[in-house]
Number of protein chains: 2
Amino acid sequence: MTDLLVVEDDTQLVKALALTLRSRGYDVTTAGTGADAVRLATTRRFDVVVLDLGLPDRDGLEVIEEVRRTSSVPIVVLSARRDQRDKVLALDAGADDYLTKPFGMEELLARLRAAQRRAGPGLQTGTVETADFVVDLGRKQVRSPDGEVLHLTPTEWGMLEVLVRADGLLVPGADLLRDVWGPAYATQTNYLRVYMAQLRRKLEPDPAAPRYLLTAPGLGYRFDRTGAG
Amino acid sequence: MTDLLVVEDDTQLVKALALTLRSRGYDVTTAGTGADAVRLATTRRFDVVVLDLGLPDRDGLEVIEEVRRTSSVPIVVLSARRDQRDKVLALDAGADDYLTKPFGMEELLARLRAAQRRAGPGLQTGTVETADFVVDLGRKQVRSPDGEVLHLTPTEWGMLEVLVRADGLLVPGADLLRDVWGPAYATQTNYLRVYMAQLRRKLEPDPAAPRYLLTAPGLGYRFDRTGAG
DNA sequence: CACGCCCGTCAAGACCGCGTCAGGACGGTC
DNA sequence: GACCGTCCTGACGCGGTCTTGACGGGCGTG
């Protein structure tokens, strides 16, 4: 039900954490390096990420920033460093909470619940900004950076909403069709092409070379808010 | 720009907090009792609430729960109690973060930023003003800017109230029907058209070109207090 | 080099949702 | 019992939106 990603290189601690978390009903995936953490967090969907800052391969702050470039998944940081400056750096890098070791398991669990609770409506009413437009999920409309409203039809908005809510993850074409048109349309890939083209024409600076609405040939589509293309 | 509510009975600490926070650009309102805190948090809009659990008049957990009944404003708890159980209780009651005294000011500021980052637009009470009319949610009436009361039928008011309370967010037609007419009417979209037309005739300067009561075709309706249209 | 696959493009007709209007039913008040 | 305000209902027209099919291009494969 609830998917957790636990990033921690201390195998002893990983085992203890995973055991407890699973006993509380969480579905736990583990990673021992920052590279694995970034790869998992940006390609799979998790409800919360528990991240130890003291990783062997790379700086924890970099991991936070890299994940934040494409994902807004809640991140709860674990760290042995109690210094205020470390907390400030981690939180401002995009972390949602910061616990210093040693910590109590019940407190961690409560903070996980709080993080997940906040994230629930988080992507439901917030806005997602890119360099060229702003997606307002609450008002269900798209604006240019200067506030002008870009008009989308209901179907166009439906596709965009699904892609944006996927938070950077790849959305299979069949999923898109099911969510926007309904279960009976899962094979009408024509629709995807028509409406993706219309969305790009309205949103992309250069519709012929998409930067935000990306195609994964044979797999589906993906929304990249960084505009890296 | 950023409105803070600081709830703390230690006048010494309040002064220090308010001074620092204001120097960082926050607009700070203070409350010394739980009763004041609940009243303010439920009647005015704040971006974040900083709440000391050790209040003279009532239990801090009650304050959290009471605020949470009507508001989803982020709550950052301050407390002298370091016990894990206290943290768990506060977080599960609806708090978003928990700091133990003594705490570093920079850490508090970072946690405030993190809490606010998650915040979305919230509900409100009181009055909502536009250039052409004033919606008084308390008195359940609409006035023109010069104070004259614009008469609405109960159903008309019901629709307007739901839209205004949504605070600019899009309200699906089914939600509107459910809230105003009841669960059984969720498909009677005819009603929406008839009553929306009547509301516009009474409130809009030019009912044919709505500026405040906007249609999102295929999705629902939305109230825009700015009158941008 | 030819072929198939997948994706992007385009235009035209069918279709649907919204706004509008007016008539009738219902339930209060005097 | 008559009057008045409010609510429900159905029909109509219009504009925008969805659907559909055909065509073209890039790319890898046989």
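**DNA-facing surfaces, a three-stranded sheet and the chain contact**

Around DNA strand C there are 22 residues, of which Arg193(A), Ala197(A), Thr215(A), Arg193(B) and Thr215(B) come nearest. The model is a predicted one. Helix α8 of chain A and α8 of chain B each supply at least two residues of the surface near strand C. By class, this surface has twelve nonpolar, six polar and four charged residues.

DNA strand D has 16 residues around it. Those that come nearest are Thr153(A), Pro154(A), Thr155(A), Thr153(B) and Thr155(B). In chain A, α6 (154-165) and α8 (189-203) each supply at least two residues of the surface near strand D. In chain B, α6 (154-165) and α8 (189-203) likewise each supply at least two. The class counts for the surface near strand D are eight nonpolar, six polar and two charged residues.

Chain B holds an open sheet of three strands, ordered β10-β12-β11, with antiparallel pairing. Strands β10 (171-172) and β11 (213-216) of chain B stand at the edges; each has a single partner strand, so one side of each is left without a neighbour in the sheet. Two bridges join β10(B) to β12(B), residues 220-223, and the two strands run antiparallel. Within this pair, Val171(B) stands opposite Tyr221(B) of β12(B). Helix α6(B) lies across β10, β11 and β12 of chain B. Its direction makes an angle of about 70 degrees with β12(B). Helix α6(B) also supplies at least two residues of the surface near DNA strand D. Thr215(B), one of the residues nearest DNA strand C, falls within the span of β11(B), 213-216.

The contact between the two protein chains takes 23 residues from chain A and 26 residues from chain B. On the side of chain A that touches chain B, α4 (84-93) and α5 (105-125) of chain A each supply at least two residues. Helix α5(A) gives the largest share of that side, ten residues. By class, the side of chain A that touches chain B has six nonpolar, six polar and eleven charged residues.

Elsewhere in chain A, helix α1 (residues 11-23) has 13 residues. From first C-alpha to last, α1(A) reaches 18 Å, close to the 18 Å expected at 1.5 Å a residue. Just after α1(A), Gly25(A) takes a positive phi of about 95 degrees.

How values were computed
Residues numbered from 1 in each chain as written. Chains lettered and ligands numbered in written order. Predicted model: local features only at pLDDT ≥ 70, side-chain atom pairs only at ≥ 80, totals over all residues. Near = placed C-beta within 6 Å. Helix = DSSP H or I, 4+ residues; strand = E, 2+ residues; numbered from the N terminus. Nonpolar A, V, L, I, M, F, W, Y, C, P; charged D, E, K, R; others polar. Pairing = 2+ DSSP bridges. Contact = placed C-beta atoms within 7 Å. Axes fitted to C-alpha atoms, helices over the stretch in contact; angles between N-to-C directions. Expected span 1.5 Å × (residues − 1).
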